[in-house]
Amino acid sequence: PPARPRGVGCDTLARMRPRLVLGTLLAALTLAPLAHAESFRTEDPDAKPEYVAAIAKGEAAYIAKDMAGARAAFQNAIKLDASRMLGLYRLAEVQMSDKKFDEASSTLQSALGKKGANLLKAKVMFLQGFVHERAHKLAEAKQAFEAYAAFVQANADAKGHAQLAAQHVK
């Protein structure tokens with residue numbers, strides 16, 4: 001058999017394995033924001049990079065269960081561009097996680113009047129119904145889900161599910 005280069009034995013490879021795993025993990029984390037950027041392009045295709053960065057920061061905080069950090073980042077995104085829907089939608093998710101359903105409902109209502117793709121508008125409308133449902137405001141929930149179903153049926157690019165709304169109305 002050919003001789004191994006000096007210093008490359010099984011013990012050396014075993015010592016390198018944690019570094020290789022860590023390097024792979026770091027590479028994946030570096031590429032993760034790029035995957036998020038792709039979803040922003042479909043939900044809010046005209047958003048400015050600094051707005052998208054603030055949203056990404058808020059999402060990272062939300063995933064880490066840092067609700068105060070998420071709230072601050074989403075509020076910052078809203079300050080950067082108050083005409084966009086996505087920041088308000090994400091802020092409402094934080095408010096809902098904090099069981100502040102009235103605040104979330106108000107935030108979502110504000111979001112409906114802002115710029116955003118029909119895909120995002122459908123998500124906002126569905127979450128509005130879900131917030132009412134969680135707050136035990138069933139009449140408002142029914143109205144919101146019916147509005148969502150009508151919107152999805154009228155707008156194919158919303159990519160929603162009218163049947164799901166019908167299940168919530170029951």
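The conversation below goes through the helices and some single residues of a predicted model.

User: What is this protein built from, how many helices and how many strands?

Analyst: The model is a predicted one. The protein has 8 helices and 0 strands. Along the sequence, the pattern reads α-α-α-α-α-α-α-α.

User: How much of the protein is buried?

Analyst: Of the 170 residues in the protein, 36% are buried.

User: And what share of the contacts joins residues 24 or more positions apart?

Analyst: Among contacts with a separation of 6 or more, residues 24 or more positions apart account for 53%.

User: Let us turn to H4. Where is it, and what span should it have?

Analyst: Helix H4 covers residues 86-97, which is 12 residues. At 1.5 Å a residue it should span 16 Å, and the C-alpha atoms at its ends lie 17 Å apart, so the two values agree.

User: Is H4 mostly covered or mostly open?

Analyst: H4 is mostly covered, with 10 of its 12 residues buried.

User: Which residues are the buried ones in H4?

Analyst: They are Leu86, Gly87, Leu88, Tyr89, Arg90, Leu91, Ala92, Val94, Gln95 and Met96.

User: What comes just after H4?

Analyst: Lysine 99 comes just after H4, and its phi is positive, at about 60°. For background, most residues other than glycine have a negative phi.

User: Which other residue, in the loop between H2 and H3, can we look at?

Analyst: Lysine 65 is in that loop, between helix H2 (49-63) and H3. Its phi is near 65°, a positive value in a residue other than glycine. Lysine 65 counts as exposed because its relative accessible area is 69%, and the cut-off for exposed is over 50%.

User: What about the loop between H6 and H7, which residue there has a positive phi?

Analyst: Histidine 136 is in the loop between H6 and helix H7 (138-154). Histidine 136 has a positive phi of about 65° although it is not a glycine. With a relative accessible area of 70%, histidine 136 is exposed.

User: Back to the packing. How do H4 and H5 pack?

Analyst: Two packed helices are described by the angle between their axes and the distance between the axes. H4 and H5 pack at an angle of about 170°, and their axes are 8 Å apart. Angles over 145 degrees count as roughly antiparallel, and H4 and H5 are therefore roughly antiparallel to each other.

User: Which residues make that contact between H4 and H5?

Analyst: From H4 the contact has Leu88, Tyr89, Leu91, Ala92, Gln95 and Met96. From H5 it has Phe101, Glu103, Ala104, Thr107, Leu108, Ser110 and Ala111. The residues of this contact of H4 with H5 divide into 9 nonpolar, 3 polar and 1 charged.

User: How do H5 and H6 pack?

Analyst: Helix H5 (residues 101-111) and helix H6 (residues 118-134) pack at an angle of about 160°, with axes 9 Å apart. H5 and H6 are therefore roughly antiparallel to each other. Their crossing is left-handed. H5 contributes Phe101, Ala104, Ser105, Leu108, Gln109 and Ala111 to the contact, and H6 contributes Val124, Leu127, Gln128, Val131, His132 and Arg134. By class, the contact of H5 with H6 holds 7 nonpolar, 4 polar and 1 charged residues.

User: How far does H6 reach, and which of its residues are buried?

Analyst: H6 has 17 residues and reaches 24 Å from its first C-alpha to its last, close to the 24 Å expected at 1.5 Å a residue. Its buried residues are Leu119, Leu120, Ala122, Val124, Met125, Phe126, Leu127, Gln128, Gly129, Val131 and His132.

User: A new topic: arginine 84. Is it buried or exposed?

Analyst: Arginine 84 counts as buried because its relative accessibility is 6%, and the cut-off for buried is under 20%. Arginine 84 is placed in the loop between helix H3 (67-80) and H4.

User: What is arginine 84 in contact with?

Analyst: Leaving aside neighbours within four places in sequence, arginine 84 is in contact with Asp44, Asp46, Ala47, Tyr51, Lys114 and Lys115.

User: Last one: where is alanine 166?

Analyst: Alanine 166 is found in helix H8 (residues 162-169). At 40% relative accessibility, alanine 166 counts as partly exposed. Alanine 166 and alanine 149 are 17 residues apart in sequence, and their C-alpha atoms are 7.5 Å apart in space.

Terms used. Residues numbered from 1 in each chain as written. Predicted model: local features only at pLDDT ≥ 70, side-chain atom pairs only at ≥ 80, totals over all residues. Heavy atoms only, no water. Helix = DSSP H or I, 4+ residues; strand = E, 2+ residues; numbered from the N terminus. Expected span 1.5 Å × (residues − 1). Buried < 20%, exposed > 50% of the residue type's maximum accessible area, 1.4 Å probe, protein only. Axes fitted to C-alpha atoms, helices over the stretch in contact; angles between N-to-C directions. Parallel < 35°, antiparallel > 145°, perpendicular 65-115°, else oblique. Left-handed = near helix turned anticlockwise from the far one by under 90°. Contact = heavy atoms within 4.5 Å. Nonpolar A, V, L, I, M, F, W, Y, C, P; charged D, E, K, R; others polar.
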